[in-house]
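Please open the structure in the viewer and keep the selection tool at hand. The tour below proceeds stop by stop, stating what to select and what is found there.

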Amino acid sequence: MTPATIYDALIVGGSFAGLSAAMPLARAAKKVCVLDSGQPRNRFAEASHGFFAQDGVAPLTLKAAGREKLAAYPTVDFVEGEAIRAQRSDDGFVVETLHGERLYARKLVLAFGIRDHLPDVPGLAERWGGTVLHCPYCHGYEFLNQPLGVLRVTPMSVHQALLISEWGPTTFFLNGGDRPDAETLGHLKARGVQIEPAPIATLEGEAETLDGVRLSDGRVVPLAALYVATRTEMTSPLAEQLGCIIQDGMHGPLIVVDQIGQTSVPGVFAAGDITRSMHNASFAAADGVMAGVAAHRSLVFGPLGL
Ligand SMILES: Cc1cc2nc3c(=O)[nH]c(=O)nc-3n(C[C@H](O)[C@H](O)[C@H](O)COP(=O)(O)OP(=O)(O)OC[C@H]3O[C@@H](n4cnc5c(N)ncnc54)[C@H](O)[C@@H]3O)c2cc1C
């Protein structure tokens, strides 16, 4: 039986953070495996905005370009699959995939991203990434000066309503929930935000477009886009299995890392949306580069006891 390959680093998640982490390791000629299940968080959007030199490029095109660049390095392997278990092994770590493959590595970089919990409002899920959005820096300019809405979901939604009014006249939909306190109402009024207390019946419009929000009392508020600060969860339990410290962030749980992406478990690094409350592809890529460099340096300095 051929002995299993022991990679210098195994990267779980091959999108903005994971592919960026792989690059410095590849460029140090380390043996790297990128394990990816092919479901980046922004796959619902037609275009990704704001990424350096790539504004407006489709998310999956960006990801494919990242893979192609890495594939030029002969020490990089790509495995399609979903990691379901991770634990320590004699030489580092072993990660098992859904299809029973076992991958061994001296260092791990977790970059498996998060998923969004969409509120249960009829017509919302099918518009996610098109006219129902989470981030105005990513998808705000496209709706500039048009009527915009913010759906109250979490305490962060007030913050979102205050911000979105920068892009267009904004209505804050309480969707039958409690009215904000007087001070918050004052801030919203100062930014020109309208408050709509009634529960939402459905979102209206052809396919992905949005014409407006129909309220339970039959009124329709015309809108071009609706912003939602979703609650999020990690796509994988790997960090918990490995014993990494996890904390609540603004939108959901996050893996605690230091400035170089080292988790609380020696040899395990993490990067991207799973480590921060502000999410975009540029932050994830930058985090990934840092975690990749840190993983490489730990391969060099760890054996020296440094
Ligand atoms: C609708 C929408 C639109 C967005 N638009 C923009 C935009 O225009 N500009 C911008 O900068 N940002 C945008 N974002 C934010 C951006 O998508 C994220 O910040 C970014 O994708 C985070 O990168 P990541 O590498 O951390 O995670 P992801 O890109 O989500 O990648 C995680 C990868 O890990 C894989 N994975 C998950 N679990 C496992 C597992 N168990 N085993 C193996 N692989 C696994 C997934 O399949 C995926 O490929 C948008 C987000 C959403 C929701």
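**Stop 1: a pair of leucines.** Select L10 and L108; in strand 6, L108 is the bridge partner of L10. The model under view is a predicted one. Now extend the selection to strand 1 (residues 6–12) and strand 6 (residues 102–110), which run parallel and are joined by 6 bridges.

**Stop 2: other partners of strand 6.** Keep strand 6 selected and add strand 5 (residues 92–97): the two run antiparallel, with 4 bridges between them. Within this pairing, select F93, whose bridge partner in strand 6 is A105. Strand 5 and strand 6 form a hairpin, and 4 residues lie between them. Select G100 in the turn of this hairpin, where phi is positive, at about 90 degrees.

Next, add strand 19 (residues 268–270), which pairs with strand 6 in the parallel sense over 3 bridges. Which residue of strand 19 is the bridge partner of L110? Selecting A270 shows the partner in question.

**Stop 3: a sheet of five strands.** Clear the selection and choose strands 8, 15, 9, 10 and 11. In that order they make up an open sheet of 5 strands with parallel pairing. Which strands form the edges of this sheet? They are strand 8 (132–133) and strand 11 (194–196), each of which pairs on one side only.

Inside the sheet, select strand 9 (residues 148–151) together with strand 15 (residues 225–228); they pair in the parallel sense, over 4 bridges. To see one position of this pairing, select V150 and Y227, the latter being the bridge partner of V150 in strand 15.

**Stop 4: a sheet of three strands.** Select strands 12, 13 and 14, which form an open sheet of 3 strands in the order 12-13-14, with antiparallel pairing. Strand 12 (200–204) and strand 14 (220–222) are the edge strands, each paired on one side only. From one strand to the next, the twist averages 20 degrees.

Look at the pairing of strand 12 with strand 13 (residues 212–215): the two run antiparallel and are joined by 4 bridges. Two positions may be selected here. I200 has L215 as its bridge partner in strand 13, and L203 has V213 as its bridge partner in that strand.

Keep V213 selected and add V221 of strand 14, which V213 stands opposite. Strand 13 and strand 14 pair in the antiparallel sense over 3 bridges. They also form a hairpin with 4 residues between them. Select G218 in its turn to find a positive phi of about 95 degrees.

**Stop 5: the ligand and its contacts.** Select the ligand and then display the residues around it. Of the 37 residues there, S15, D36, Q39, H49 and A83 come nearest.

Three contacts with oxygen atoms of the ligand can be examined in turn:

- Select S37: a polar atom of its side chain lies 2.8 Å from an oxygen atom of the ligand.
- Select D273: an N or O atom in its side chain is 2.9 Å from an oxygen atom of the ligand.
- Select N280: here a backbone N or O atom lies 3.3 Å from an oxygen atom of the ligand.

How much of the ligand does the protein bury? Taken alone, the ligand exposes 990 Å², and the protein buries 98% of that.

**Stop 6: the origin of the shell.** Select helix 1 (16–26), strand 2 (32–36), helix 3 (136–139) and helix 7 (281–301); these are the elements that give two or more residues to the shell around the ligand. Colour the shell by class to distinguish 13 nonpolar, 18 polar and 6 charged residues.

Finally, colour domain 1 (6–116 + 231–304) and domain 2 (119–228) separately. The shell around the ligand draws at least three residues from each of these two domains.

How values were computed. Residues numbered from 1 in each chain as written. Predicted model: local features only at pLDDT ≥ 70, side-chain atom pairs only at ≥ 80, totals over all residues. Heavy atoms only, no water. Pairing = 2+ DSSP bridges. Axes fitted to C-alpha atoms, helices over the stretch in contact; angles between N-to-C directions. Near = heavy atom within 4 Å. Polar contact = N/O pair within 3.5 Å; in protein donor to acceptor, adjacent residues only side chain to side chain. Areas by Shrake-Rupley, 256 points an atom, 1.4 Å probe, with all protein chains shown as cover. Nonpolar A, V, L, I, M, F, W, Y, C, P; charged D, E, K, R; others polar. Domains from an automatic or database assignment.
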